[in-house]
Amino acid sequence: MVSGAPMISVKNLWKVFGANADKVVGSPLVNLSRPELRAQTGNTIAVRDVSFDVAPGEVFVVMGLSGSGKSTLVRCMTRLIEPTQGSMNFEGEDILKVDNARLRELRKTRFSMVFQHFGLLPHRNVIDNIAYSLEINGVNKTDRHKRANEVIELVGLQGYSHAYPEQLSGGMQQRVGLARALAVDPQVLFLDEPFSALDPLIRRDMQQEVIRLHHELGKTMVFITHDLSEAVKVGDRIAIMRDGAIVQIGTPEDLVANPADEYVANFVRDIAKSHVLTLKHLARQAAPGDATDGPELAANTIIRDAAQVILQSHKPVRVNDNGKALGIVSSEDVLRLISGGV
């Protein structure tokens, strides 16, 4: 994650569906369960007092089960749905207070969205689908095709410029969707379950594509998913939602090592700890008789990536965090973790 002042700052965001929604926020009604609130008022709280920051260049993942509020949240952030209360600051400008003209400008030039359903125009070929976002910004055909060809190269669509959506696989169609979002060179990409409709193998390829694009372009991303393995794979930090509220925010390692409650623990239960935790988590002080002159590895090394070195070493590995010795990790420590003992 890139450090610095937040690019996005969401504060006390609420979305209540139903009549007189603004009267629900701040009243004792918010303490009712969802069924009780619906029975008494006809309202539903979809997003409940949500606050978080997203740093420049960060991939911030929002995940939860169906109905947790994650997709409503991202739509509130872009005002595809109008929030009931709260603020969403983008580089100091509250997006929830701007007029429609400014909102259109932001959507055209600063934010782009990628949805689960590709939304490609069937009568336009790939290059014109990608260039469409530039066309509505008034860019001439020569310049928009030049830019479209640049992003075609970027997302691996070479040779498909003149193909039509019906001629493409689901994965290729989603590449077109990504390219269209990137064509305007946005500062922030909002991706709402973009790969949910894809087959598992294609989905894995597209996850790798997002990771590659992020490394190459450094774009800030807000990524919505219901799949924890996907969240762990693409996210710098993950926010887990339940009933419209955020239960915990942390790095994948934070969530796996220190789940906030049973709900989060159940979410992360099936994630292989060795694929997420780093040597920092396993490092311990040397016990009497432990060798302390073994090979050295960085504290932020994923345990899975370090396992071969550790298991093949006759001595415990020394763990170093930016010049500071944290302790050692032995093959027994790794085997205990893998077998579920840690």
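How many residues lie between β4 and β5 in their hairpin, and which residue in the turn has a positive phi? In this predicted model, the hairpin formed by β4 and β5 has 2 residues between its strands, and E91 in the turn has a positive phi of about 50°.

## The hairpin and its partner strand

The two strands of the hairpin, β4 and strand β5 (residues 93-94), run antiparallel and are joined by 2 bridges, and in β5 the bridge partner of N89 is D94. Strand β4 (residues 85-90) is also joined to strand β1 (residues 8-17), again in the antiparallel sense, through 5 bridges. Within that pairing, I8 has F90 of β4 as its bridge partner.

## The open sheet

Another part of the model is an open sheet of 6 strands with mixed pairing, in which the strands follow the order β6-β7-β8-β3-β9-β10. Its edge strands, each of which pairs on one side only, are β6 (111-115) and β10 (245-250). From one strand to the next, the twist averages 15°. Within this order, β3 and β9 pair in the parallel sense over 5 bridges, and the bridge partner of F60 in β9 is R237. Strands of a sheet pair through backbone hydrogen bonds, either parallel or antiparallel.

## Salt bridges

The residue R237 has a side-chain role as well as its place in the strand pairing, since its side chain meets that of E58 in a salt bridge, with an N to O distance of 2.5 Å. R237 lies in strand β9 (residues 237-242), whereas E58 lies in the loop between β2 (44-54) and β3 (59-64), so the pair ties together parts that are 179 residues apart in sequence. E58 counts as buried, because its relative accessibility of 0% falls under the 20% cut-off.

A second salt bridge is formed by the side chains of R75 and D192, at 2.2 Å from N to O. Here R75 belongs to helix α2 (residues 70-77) and D192 to strand β7 (residues 188-192), so this pair ties together parts that are 117 residues apart in sequence. The two partners fall into separate accessibility classes: R75 is partly exposed, with a relative accessible area of 24%, while D192 is buried, with a relative accessible area of 5%.

In a third case, the side chains of D290 and R284 meet in a salt bridge of 3.1 Å, N to O. D290 counts as partly exposed at 25% relative accessibility, and R284 counts as partly exposed at 26%. Elsewhere, salt bridges that share partners join R175, E209, R212 and E216 into one network. A search of the whole structure finds 23 salt bridges, including the three pairs tabulated here.

| Salt bridge | N to O distance |
|---|---|
| R237 and E58 | 2.5 Å |
| R75 and D192 | 2.2 Å |
| D290 and R284 | 3.1 Å |

## The surroundings of T278

T278 is placed in the loop between α10 (262-268) and α11 (279-282), and with a relative accessibility of 7% this loop residue counts as buried. Which residues is T278 in contact with, leaving aside its neighbours within four places in sequence? Its contacts beyond those neighbours are E253, A299, N300, T301, I302 and I303. For one of them, T301, the C-alpha atom is separated from that of T278 by 5.3 Å, although the two residues are 23 residues apart along the chain.

Methods: Residues are numbered from 1 along each chain as its sequence is written. This is a predicted model: local features need pLDDT of at least 70, side-chain atom pairs count only at pLDDT 80 or more; totals for chains, interfaces and linings use all residues. Side-chain values use heavy atoms; hydrogens and water are left out. A salt bridge is a side-chain nitrogen of Lys or Arg within 4 Å of a carboxyl oxygen of Asp or Glu. Helices (H or I, at least four residues) and strands (E, at least two) are DSSP runs, numbered from the N terminus. Buried means under 20% relative accessible area, exposed over 50%, partly exposed in between (1.4 Å probe, protein chains only). Two strands pair if DSSP finds at least two bridges between them. Contact means heavy atoms within 4.5 Å. Axes are lines fitted to C-alpha atoms, for helices over the stretch in contact, and angles run from 0 to 180 degrees between N-to-C directions.
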